[in-house]
Amino acid sequence: MLLRLVSRSTACDQLRLIRGSLRRSLVTISSDEVVYSDHGDPCKVLHRVSRNLPSELGAGQVLVRMLAAPINPADINMIQGVYPVKPQLPAVGGNEGVGEVVEVGSSVSDLRRGDWVIPSFSGWGTWKTYAVCGASEMTRIPSDIPLISAATVAVNPCTAYRMLKDFEELSEGDVVIQNGANSGVGQAVIQIAAKLSLKTVNIVRSRPDLDSLVHTLKSLGATHVVTDEFVRTPEMQELMRSLPKPKLGLNCVGGKQVADILKYLEKKGSLVTYGGMSKQPLMVPTGSLIFNDVKVRGYWMTEWNKQHKNTNEMQEMWQFIGNVIRSGHLKAPVHSLVPFEQFSDAVANSMEPMTTKKQILVMDRTLVK
């Protein structure tokens, strides 16, 4: 069953009524949660439970009502037990999502009722309906952006922004080349790069609906979209000769696609790896290192957040991303809204090969129709 969002004003009216009833007594509140007690196949180890919340908030705690949460590759890997972050079991699934602050403890000063918040770190467990947690575990985000943009803003757009900002000094007209361009990060790279007046060369896998995918990515602002097969042709070499040499390459696939990107990078350019969907080691030609002096780096948004919480860099990032979303230049990824209780279908769909739609769990049907 797929859903669509109701109007923001209707949702806000419903949330005000819920907040009023919750303030009277926390003892009646329970949270539905999607949990796993063992690592393994997500389709087999995930199950839904109900847990009563504490009857009172601690001085530094907040009550958060989760609104929506996506299913990302990192969520699947964490459940499988192959992700660097391993929450203590049993654990609630999900790393990303947006919630609303319903109530705050007596000593909480940086959050207030009605704020939209996201978890400050990986492994928090977003696939649940409510949470009582420390206020420090939450980061406030703009509440005047679309709900689905808010639910998916913490991982992909932030990763895209930081990679475009932190590794090379890029100027208007510079070129970025990336593989996995149809991924959530890839789509965000295309849109943010376009906003920054950068050109992008976007590599995707061949597929039956390639024309539709190319149209989608170009509508987001992609300069060129090519397949992994086209990359190894004389036509690709001709295309790249017509452009400035890319200063920055972004990799989420691995294997020989890394060599494909490196042969087009400018001397002393940077290749940044943020994923490894092929599960193959990076193929880095010796000549790229010796004769072109390229820099091969890695990036993990989780580590950046740890190092930069409450810094000016983080505030500037949120301001930029919020403005780009409001202006319509950064859209939420193509997605399906799925009722929370149908989480198993959403998880299975998210693991399908060449999936193009982000599965997003919606915790309250009153927010959608």
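Q: How far apart are the mean positions of the positive and negative charges of the chain?
A: They're 2 Å apart, counting 41 positive and 35 negative charges. Lys and Arg count as positive, Asp and Glu as negative, while His and the chain ends are left uncounted. Each charge is placed at NZ of Lys, CZ of Arg, CG of Asp or CD of Glu.

Q: What kind of model is this, and how are its residues numbered?
A: It's a predicted model, in which local features need pLDDT of at least 70 and side-chain atom pairs count only at pLDDT 80 or more, though totals for chains, interfaces and linings use all residues. Numbering runs from 1 along each chain as its sequence is written, and side-chain values use heavy atoms, with hydrogens and water left out.

Q: What makes the chain as compact as a globular protein of its length?
A: Start with the parts: the chain has 13 helices and 18 strands. Those are DSSP runs numbered from the N terminus, with helices being H or I over at least four residues and strands E over at least two. The radius of gyration is 21 Å, close to the 21 Å from the globule rule for 369 residues, so the chain is as compact as a globular protein of that length. That radius is taken over C-alpha atoms, and the rule is 2.2 Å times the number of residues to the power 0.38. Along the principal axes, the C-alpha atoms fill a box of roughly 70 × 40 × 35 Å.

Q: Why does lysine 279 count as exposed?
A: The cut-offs settle this: buried is under 20% relative accessible area, exposed is over 50%, and partly exposed is in between (1.4 Å probe, protein chains only). Lysine 279 has 72% relative accessibility, so exposed it is. You'll find this lysine in the loop between β14 (270-273) and β15 (280-282). Its phi is near 60°, a positive value in a residue other than glycine.

Q: What makes aspartate 293 partly exposed?
A: Its relative accessible area is 39%, so aspartate 293 falls in the class between buried and exposed. Aspartate 293 sits in the loop between α10 (286-290) and β16 (295-298), and has a positive phi of about 50° although it isn't a glycine.

Q: How do you know whether leucine 53 is buried or exposed?
A: Leucine 53 has 7% relative accessibility, so it goes in the buried class. This leucine belongs to the loop between β2 (46-52) and β3 (61-70). Its C-alpha is 6.9 Å from that of valine 132, which is 79 residues away along the chain.

Q: Why is helix α5 called largely enclosed?
A: Because 9 of the 11 residues of α5 (residues 156-166) are buried, the rest of the structure largely encloses this helix. Among those buried are Asn156, Cys158, Tyr161 and Leu164.

Q: What makes a nonpolar core, and which residues have the most contacts inside the largest one?
A: A nonpolar core is a set of buried Ala, Val, Leu, Ile, Met, Phe, Trp, Tyr and Cys residues joined through side-chain atoms within 4.5 Å. The largest has 46 residues, and Met317 and Ile321 have the most contacts inside it. Helix α12 (residues 312-326) gives the largest share, 7 residues. A second, separate core has 34 residues, including Val35 and Phe340. In soluble globular proteins, nonpolar side chains tend to be buried together.

Q: Which residues is methionine 317 in contact with, leaving aside neighbours within four places in sequence?
A: Contact means heavy atoms within 4.5 Å. Methionine 317 has such contacts with Cys158, Tyr161, Arg162, Met301 and Trp304.

Q: Why does glutamine 359 count as buried?
A: Its relative accessibility is 6%, so glutamine 359 makes the cut. Glutamine 359 is part of strand β18 (residues 358-362). Leaving aside neighbours within four places in sequence, its contacts include Ala69, Ile71, Val338 and Asn349.

Q: How do you know whether threonine 152 is buried or exposed?
A: With a relative accessible area of 4%, threonine 152 is buried. Threonine 152 lies in the loop between α4 and α5. Not counting residues up to four places away in sequence, threonine 152 touches Pro70, Glu96, Pro157, Ala332, Pro333 and Ile360.

Q: What kind of peptide bond joins leucine 89 and proline 90?
A: That bond is cis, with omega about -5°. Proline 90 is in the loop between α3 (73-80) and β4 (91-92).
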